[in-house]
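Q: Please take a close look at the salt bridges in this structure. Explain where the partners sit and how open their surroundings are.

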Amino acid sequence: MLHFCVICGVLIRRTSFAPGVLPDDDLQWYQQLHIVWRREISDTATLSGVGYIDSDDRVIAPLGPESSYRDASVTFEEYIPYYEGSQLPWSFFFHATCWDILLQRVPEGLSDLSRFSSIFHNVLYCTTWSRHRYVRPGHDFGGSIQFQKPAGDPIRKIIAEGYSYLLAEPLQPQNMAEILRICGGHKVFTVPTRAPIIRSSQGSRDIFSRLPLEVLYMIIELLPSSDIGRLRLASTSTAHVTRPTSLPQRFWRSRFRPDFEMGFAMPIEATIDEDWRKAYFAIRHALSSPLDFAYLKNRQRMWNIVTVNASLLAEHMKGSGLSGDLHNDNNDSCPKLQNGLSELGRGQIITTQFSTSCHEYLHVGSRKLSDTSIVLPVNEGEVRIIWLSMICFNSQKFIAGVRFQALDSPTQGYRNYSLGYISRGSEVKVDIPLSHRIAGFELATRVNGVVGMRVVLQKGSDKSWTSWVGDVGDGDPNIAFGMLSLTKGLQRALIVAGFDVSLIVYEGLQWLTALKAFKMLDLAILREAPARLEDVPLQPLWTPVCPRGPLTPALQYSSRGSFNAMLVMDFGGNHGQNLAHLTRIVAHIQEYSAPIVGLTFYFDNQKNIHFGRQGRMEVSSFFDGPAGERVVSVTYERASTSCGIVTLQIHTNYGNTAVFMPNELRKWPSTKLSVPAPPNTPSDLSLQRPSTEYSTETLRAPEDQQITGFAANLEQSLLPELSFAT
C-alpha cells in the first residue's frame, strides 16, 4: 500500500531496509515520517518520533516526538493505518519535514506538542477521504494530488512529468547571505537619497494624504500586499509614496512575517539591518524562473498548504472551549418551556450531512460528535445583539458558534447566551432593533456544515431580515438554504446545535478536558424539553434560493443526516417576466439508469440559466416564448429500476409537447424531436424493459395560470420527483 503525506500530498517512500534492520545512513526527506495516533477511548493523540517505512511496507517509528531512528537505544513501534471494522488506533502519517514546517507556520504548537498533536489529529479525523483512503482537504496539495494513485511509482512519475521540484528538500534558509547566493543576488534599485515630496492636505479628498508618512507606513506594514495594491489604486498620494524604491526596510521585513507572502523564506538567522528589499525581489525573481530554485518552490508550496488551517490550529491552542450545555434527549433535568403553543409543534431542525460512525473514514459531510444547547429568552426587545463566530476549516469558512446578548430584567444589565465555539477575534456583530423580536433564523449550508446565517425579525405583522453573515455562495448550487421559525408568543426557546467536537486536554499541572468544536453542523429550535431530536420535524433545504410560494404537489424532504437539497428552477423570474423571452429548453442526461440530472433555459434577451448538474449528453427543444407560448403542464415518468425521472414532457398552450427521454423505445405522442440513446445504454433494451415498471404523473397548472418554475428533489445527483410553481 502506498502512503501519502497528509500534509503535503507527496509519497512517503518506503526504504530498502528489511524488517529489523535499522537504516545505517540518512534517508531522503520524503522517506522520514512522523505518526500521530489516538485510540477511540482516548481523549488525546500521541506524536511519534521520526521513523520510516521498511521494505515490507511496515511503518516503524520510535516512541517520543523528540526521538529518531538515528538515536541509539530507542524503542520502536509498528504503526498500522486504521481500516474499517478494526480495533486499531486511528493513525495518520506525514513527513517529518512537513511537521517542522507546520510548527514554523503555527509556532503556538511548540508550547504544548501533545495538545497541538491532538488538535491536528482531530482536523484529519474530521476531514473527508477518497475511496483509496487519501485525505481530501479541499485543495490539490499544490499540484501533487495528481500523483496520488494506488499503483505505480509516484516518484518516477513526478520526475518524468517535470515536477521534480516536489522532491526537493524544503529547508529553511540559514541567513540572508544564503538567500542572495542561491537566488543570484537579483539586482534592484537603491533607495533614493532625496527627501520625499511633501503632500498637501489642503482641499484634498484623499484622506490618506493627511496622514504623516510614518503613520501611513505603520498602516501598510499590517496589510497584505494585495490590499496595499488596491489601496494604491484608490489613493494617488499613497501610490506616490509607496513605490518599491521609496518604502523603508522595515516594510520589506514585514513581508517575511508568517502570514505574508515571503513568510516561507524567513531565514533562521536574521537581523533588522538586513537588506530585506533586495531579498524580497531576489526571491520573487527566483520563483518566477522556470529553472532551478526547486527547494524554494517546494517550500513555498508546503507553506501555502499549512497556511490553509493555520488560523484554525492557532485559535484552538487557546484555552476557550465549547459553550452551551451538553444536550441529552433523555435528560429530565432540562428546563421546562411553556406549553400550549401548538403552532410550533415539537420544534424544527435543519441538518447537513454527517457521519456518526466512529469506525470508518469520512467520505462525505462531517462527523457529528456532540449536541449542545441553550435556553434563550425571545420576548420582544430582550435579545439586543447577536455575535456569529466564523472559522476557516480546510479552505472553507463556517459558523463555529453564536453568542446572544440579551437584556437581564432583574439587573437591567446584559447577559451572554453562548452556543458553540466562540472566537472573539472572528465575531461578526448583528444588531437587533429594540422594537423587533426574533422570528427565526435562515441558514446557508453546505454538505459539511453551516456557512451562513441571517436573522428573521418581526415588528407587528411586518417581517424583515438582517444582512447575511458568512458565505451564501452567490448562486452556488452547493449551498442550500433553510428556515427555522419561532412561534409568536414564545417566551423561551431551547436552541440545540450539533458540532464536530473532540476532547482536548488543557496544558498545566492538572489534566482537565474541554470540548472543542470546528464548525456547526445543524441547528434546532425546540418548544419543550426534554425532546428527542429524532422526533423533531426536519426542515427542507433549497438551492439556489428558497421558493417564492407553495409548490404543487409538496415535495418529500430528504432523510435526516443527509444533504438532498431541493432544487428550485425559477426560470420564469420573480413575476414571470422571463416567460416572454424563453426560446429553448435543454435537459442534461447522465446515464440510462438515472438519466435527467439538470435543465438549462435559454432566453433571447439574456444569458442562459442552468439548474442542477451537467450530464454526459443534452436533449434540446425550441420554445416560442416571444410569440406567447407558455408551459401549462408537465408529465414525468419514473422507472422501478431508477430513483430518478427517466422521461419528461413539457406541454404548452399551443398544443406542443417537448419530450426529454433517454431512449427511443417508449414513444410519446406529439413528440417534437427524435431523441438519441445516452452513453452506456444496454445494446438490447427490449430484453430489460418487460421487467421494468413505469409510473407516470401529470402536473397541471390551474386554469388561467402559467407555470413559472419547477422544483425537484436532488437525490444522488438526479431528479427523482418534480413539483411546479405558478
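A: Arg13 has a relative accessible area of 26%, so it counts as partly exposed, since that class lies between the 20% limit for buried and the 50% limit for exposed. The model is predicted. Arg13 makes a salt bridge with Asp153, and their closest N and O atoms are 3.2 Å apart. This pair joins distant parts of the chain: Arg13 is in the segment before strand E1 (33-38), while Asp153 is in the loop between helix H2 (113-125) and helix H3 (154-160), 140 residues apart. Asp153 is also partly exposed, with a relative accessible area of 27%.

A second pair is Arg257 with Asp259, where the closest N and O atoms are again 3.2 Å apart. Arg257 is partly exposed at a relative accessible area of 30%, and Asp259 is partly exposed at 44%.

Arg403 and Glu427 form another salt bridge, with 2.7 Å between the closest N and O atoms. Arg403 belongs to strand E14 (residues 396-408) and Glu427 to strand E16 (residues 427-431), so this salt bridge ties together parts that are 24 residues apart in sequence. Both of these residues, Arg403 and Glu427, are buried, which means that each has under 20% relative accessible area.

To return to the start, Arg13 and Asp153 belong to one network with Arg156, joined by salt bridges that share partners. The count for the structure comes to 18 salt bridges.

Conventions. Residues numbered from 1 in each chain as written. Predicted model: local features only at pLDDT ≥ 70, side-chain atom pairs only at ≥ 80, totals over all residues. Heavy atoms only, no water. Salt bridge = Lys/Arg side-chain N within 4 Å of Asp/Glu carboxyl O. Helix = DSSP H or I, 4+ residues; strand = E, 2+ residues; numbered from the N terminus. Buried < 20%, exposed > 50% of the residue type's maximum accessible area, 1.4 Å probe, protein only.
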